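Q: Hi, I'm new to this one. Could you put it up so we can go through a few residues together?
A: Happy to, here you go.
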Amino acid sequence: MFVLHIALQGCLRGDGVVYGLTADTGGHIRYLLDLVSASAQDRDLARIVVATRLFTGPLGTAYAVPEERISDKVTLVRLASASPAYCAKEEMHAEVAHFAENLVAWIAAQDRAPDLIHAHYADAATVAALVEARLGIPFVFTAHSLGRVKVAMLGGHAPGPDLGRRISAEEAALARARLVIASSRDEAEVQYAGYAAYEPGRIRILPPGSDLGRFAAARPNPRIDAAIGRFLHDPDKPALLALARPVARKNLAALVRAYGESPELQAAANLVIVAGTREDIDSLDGDMAATMRDLLVQIDRYDLYGRVAYPKTHRPDDVPALYAHARARGGLFVNPALNEPFGLTLLEASAAGLPLVATDSGGPNDIVETCGNGLLVDPRAPGSIAAACLRILGDAALYARCVAGGARAAAAYDWDRHAARYHVLLRGLLAPQRAAPPTRQLLVCDIDNTLIGCEAALGIFRRWRSRQAGLAFGVATGRSFHSAMAVLEQQASPRPQVMITSVGSEIYHLDANGVTYTGDAAWGRAIAVDWDRPAVHGALRGLDGLAPQGPLEQRALKLSYFGDAAAAQRVRERLDEAGIPARVIHSHGRYLDVLPAAASKGTAVDHVRTLYDLPERAVFVAGDSGNDIEMLRARVQAIIVANYSDDLASDASLKHSYVARRTHARGVIEGVSHFRRRLADVG
């Protein structure tokens, strides 16, 4: 396989990247270089080329070199565009047509055309679409950051011409790309959702990896310690470390404000801000100069001299020592960005042994949920930032738990794992599709603690599934589509042909390419008829014992809360009193979902059964908990796996179910075999 990456923004080179040199030279370059390095380890990838702009000028002669060999398989190719000089991202729209023509000519000169293009940022996707139109090469898209998110960060005001063009390019990319790669649930489910071309089933979450080994082994460096210490009256106090380019969306000024307005935090710790590399503030690119001036004004306003360090420069290989500096002093890492698409620095800092205080907008949600290594805060609330820092610094047990959580980051966020899943998706997009045998039966399983939860059982299920010709396989889960897909792919589950997600309020069908999915719009319309989400939300506001789950768990056709059985009963009573039709699902003793009255896993399975034109006796369902009751109750051939919860086996409405002797996926197989034998006996 030959993969061509396109990345036009920033100062891209094979090694020695000066991060922060321009406003566009940031995390996306690190992501790209790490991705191609990991991809090169795959024996099936014969060639990888990264195409970027060739430009001349004061930023260095390296960017005018037409070709740079990165490794045996990887080459960086620089092609001219309309302008010979460096172009900031706001100016890139004027370069894409010329660059695309030169890229088409370059491809024509190769012995073999790329099998697939991966475009990074919307301007690269515009190039990829032009190439696809000429040469028929499909492309996938990684946005890295989105224009609509920036508009939201600016208060929702109408975008200027630069942002308007960018958003239009992103819309076109979403509509045209065969697959969209996202880094987090927030990106996949919230950030992209504002686009007209949004189709959740064509987006996959692949968390980036990081070379975390060198951060776990980080040691203090006297040179780094001295560069920081010269700013501080007491350099041995705990350090609140922030490491980010000085651009507005990184929100460093809010961190200074949080520190400046909290005498307790100033007494407890120093603040260390490492904001890129600069010789002279006036020479900084884009909004970086204004951001740095704002930081200095804030430091002066709160008279923080001697308590805040802001060194002018650092090299990429200094970063581990920066984390070690804070760790050695019992400090922590703070990321106050207005939105953080992923957050590689969070993983690095965590691997180095630092607890995190991070924005609740974007990738940090996934990182903190996965690793349990810090606290999330509203980046627009300086008081919350200060309070979270003080909480971790003042609680030794919490500090220790966050440090221990960081040790899990290396296993969870690994580039080899990312590349393996990425390549499976690429191969799937390129593989010729075989006609599926006619569907004679349908199996729908819950995911957590039913299909997955036992690695050995899932391995047996995987082999069993491969021998089941004519059996369509689906899942039904309380998870969102992207959360479900992520865990299924991480566990190497067989790919479902149908996904019933968000407790039955959404349905997705596998596309003919065998990789992407399309949402079932007819199902959404059918269950939304009597659904009044604002009325439900208003009726339940302030109800005793009820607490909303996080923003990512709220869906257009689902409201999710935490609450016990008594709270669930109060919810039912309140909705009945208000005359609001809705279905209330309570599971695992604490999760409470409110859905349209017509929505449930059970009604969703029946909708799918009708689409497949199957009789009732051809459908098997399997589950383990309370949010499976509607599905199990509605099906004659219902399977309860042995590791069930919520006292399912004693539920009078489930007496028809088969309670397996085996747990997890083995119990599913056992149940299907039981019902098939019964059908054979009847037949």
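Q: What does the side chain of Arg278 reach at 3.0 Å?
A: The side chain of Arg278 reaches the backbone oxygen of Tyr310. That is a polar contact (N or O atoms within 3.5 Å, one able to donate a hydrogen and the other to accept it; residues adjacent in sequence count only if both atoms are side-chain atoms). A polar atom of the Arg278 side chain also lies 3.4 Å from the backbone oxygen of Pro311.

Q: How should I read these values?
A: The model is predicted, so local features need pLDDT of at least 70 and side-chain atom pairs 80 or more, while totals for chains, interfaces and linings use all residues. Residues are numbered from 1 along each chain as its sequence is written, and side-chain values use heavy atoms, leaving out hydrogens and water.

Q: Where does Arg278 lie?
A: Arg278 is in the loop between β10 (270-274) and α11 (288-301).

Q: Which side chain of opposite charge is nearest to Arg278?
A: Asp280, 8.5 Å away; Arg278 is buried and has no salt bridge. Buried means under 20% relative accessible area with a 1.4 Å probe, protein chains only. A salt bridge needs a side-chain nitrogen of Lys or Arg within 4 Å of a carboxyl oxygen of Asp or Glu.

Q: New topic: how many disulfides are there?
A: Zero in the whole structure, where a disulfide is two cysteine sulfur atoms within 2.5 Å.

Q: Why is Cys11 too far for a bond?
A: Because its closest cysteine sulfur, in Cys87, is 11 Å away. Cys11 is buried, at 0% relative accessible area.

Technical notes
Buried < 20%, exposed > 50% of the residue type's maximum accessible area, 1.4 Å probe, protein only. Helix = DSSP H or I, 4+ residues; strand = E, 2+ residues; numbered from the N terminus. Lys, Arg positive; Asp, Glu negative; His and termini not counted.
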